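Visitor: I would like to learn how to read a model of this kind, beginning with its helices. Could you take me through it step by step?

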Amino acid sequence: MPDAKRAAIAQALSRLLAETYTLYLTTHNFHWNVTGKMFNTLHTMFMGQYTEMWNAVDPIAERIRALGFHAPGSYAEFAKLSTLKDAPAKPPKAMEMVEILAKGHEAIARTAREIFPIIEDGDDQPSADLLTQRMDIHEKTAWMLRALLED
């Protein structure tokens with residue numbers, strides 16, 4: 001694969017990594033700080049979600065490394081690369097947490113779809129497989145969170 005295509009894919013995956021890590025941290029924050037009638041349900045759900053994302057960041061970073069580039073790994077780099085906002089300083093109410101997380105998962109799924117053409121252009125099947133998996137997980141998680149918001 002030409003260097004320019006590998007670089008473009010690594011940059012795109014760096015954005016995916018930054019957004020995944022940002023949402024991981026927000027989800028973990030909400031797991032610690034959720035309160036209210038749905039405490040147990042949300043506390044458990046958030047744990048499953050942050051665990052899944054924690055397990056996802058390593059394969060994304062390792063794919064960047066396999067392409068020959070350094071994976072970003074600092075809060076400063078993640079803040080520059082991510083389109084997601086950091087968790088609110090004051091924990092919001094439980095259902096606002098759910099809404100924030102749903103929007104975060106939707107945003108990561110959108111990012112994966114946006115960067116897919118870059119990966120296709122590079123004919124990079126391992127990265128395409130990784131993106132397909134991430135889209136599936138984030139779209140399903142967003143759907144499940146949105147279902148909690150319905151009356």
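Guide: Let us begin with a yardstick: the expected span of a helix is 1.5 Å times one less than its number of residues. Please keep in mind that the model in front of you is predicted.

Visitor: For the 28 residues of helix 2, what span should we expect, and how far apart are the end C-alpha atoms?

Guide: Helix 2 covers residues 39-66, and at 1.5 Å a residue it should span 40 Å; its end C-alpha atoms lie 41 Å apart, which agrees with the expectation. Just after helix 2 comes Gly68, which takes a positive phi of about 100°.

Visitor: How do I read which way the residues of a helix point?

Guide: The general idea is that an α-helix has 3.6 residues a turn, so residues three or four places apart point the same way. In helix 2, the buried residues include Leu42, Phe46, Gln49, Tyr50 and Met53, and further along the same list come Ala56, Val57, Ile60, Ala61, Arg63 and Ile64.

Visitor: What covers the buried residues of helix 2?

Guide: The cover includes helix 1 (3-33), helix 4 (94-121) and helix 5 (125-149). One example of a contact with helix 2 starts from Ser14, whose place is in helix 1: leaving aside residues up to four places away in sequence, Ser14 touches Ile64, as well as Pro72 and Leu81.

Visitor: Is Ser14 buried or exposed?

Guide: A residue counts as buried under 20% relative accessible area, and Ser14, with 6%, is therefore buried. As for its distance from Trp143, the two are 129 residues apart in sequence and 25 Å apart in space, C-alpha to C-alpha.

Visitor: How many helices and strands does the whole protein have?

Guide: The secondary structure comes to five helices and zero strands, so that, read from the N terminus on, the elements run α-α-α-α-α. Among contacts between residues at least 6 apart in sequence, 81% join residues at least 24 apart.

Visitor: What does the radius of gyration tell us about the protein?

Guide: A compact globule of 151 residues would have a radius of gyration near 15 Å, and the protein has 16 Å, which agrees. Along the principal axes, its C-alpha atoms fill a box of roughly 55 × 30 × 20 Å, and buried residues make up 44% of the 151 residues.

Visitor: And what can be said of the surface and the charges?

Guide: The accessible surface comes to about 8300 Å², of which 56% belongs to carbon and sulfur atoms. The protein has 16 positive and 20 negative side chains, and the centres of these two sets lie 5 Å apart.

Key
Residues numbered from 1 in each chain as written. Predicted model: local features only at pLDDT ≥ 70, side-chain atom pairs only at ≥ 80, totals over all residues. Heavy atoms only, no water. Helix = DSSP H or I, 4+ residues; strand = E, 2+ residues; numbered from the N terminus. Buried < 20%, exposed > 50% of the residue type's maximum accessible area, 1.4 Å probe, protein only. Contact = heavy atoms within 4.5 Å. Rg over C-alpha atoms; globule rule 2.2 N^0.38 Å. Areas by Shrake-Rupley, 256 points an atom, 1.4 Å probe, with all protein chains shown as cover. Lys, Arg positive; Asp, Glu negative; His and termini not counted. Charge placed at Lys NZ, Arg CZ, Asp CG, Glu CD.
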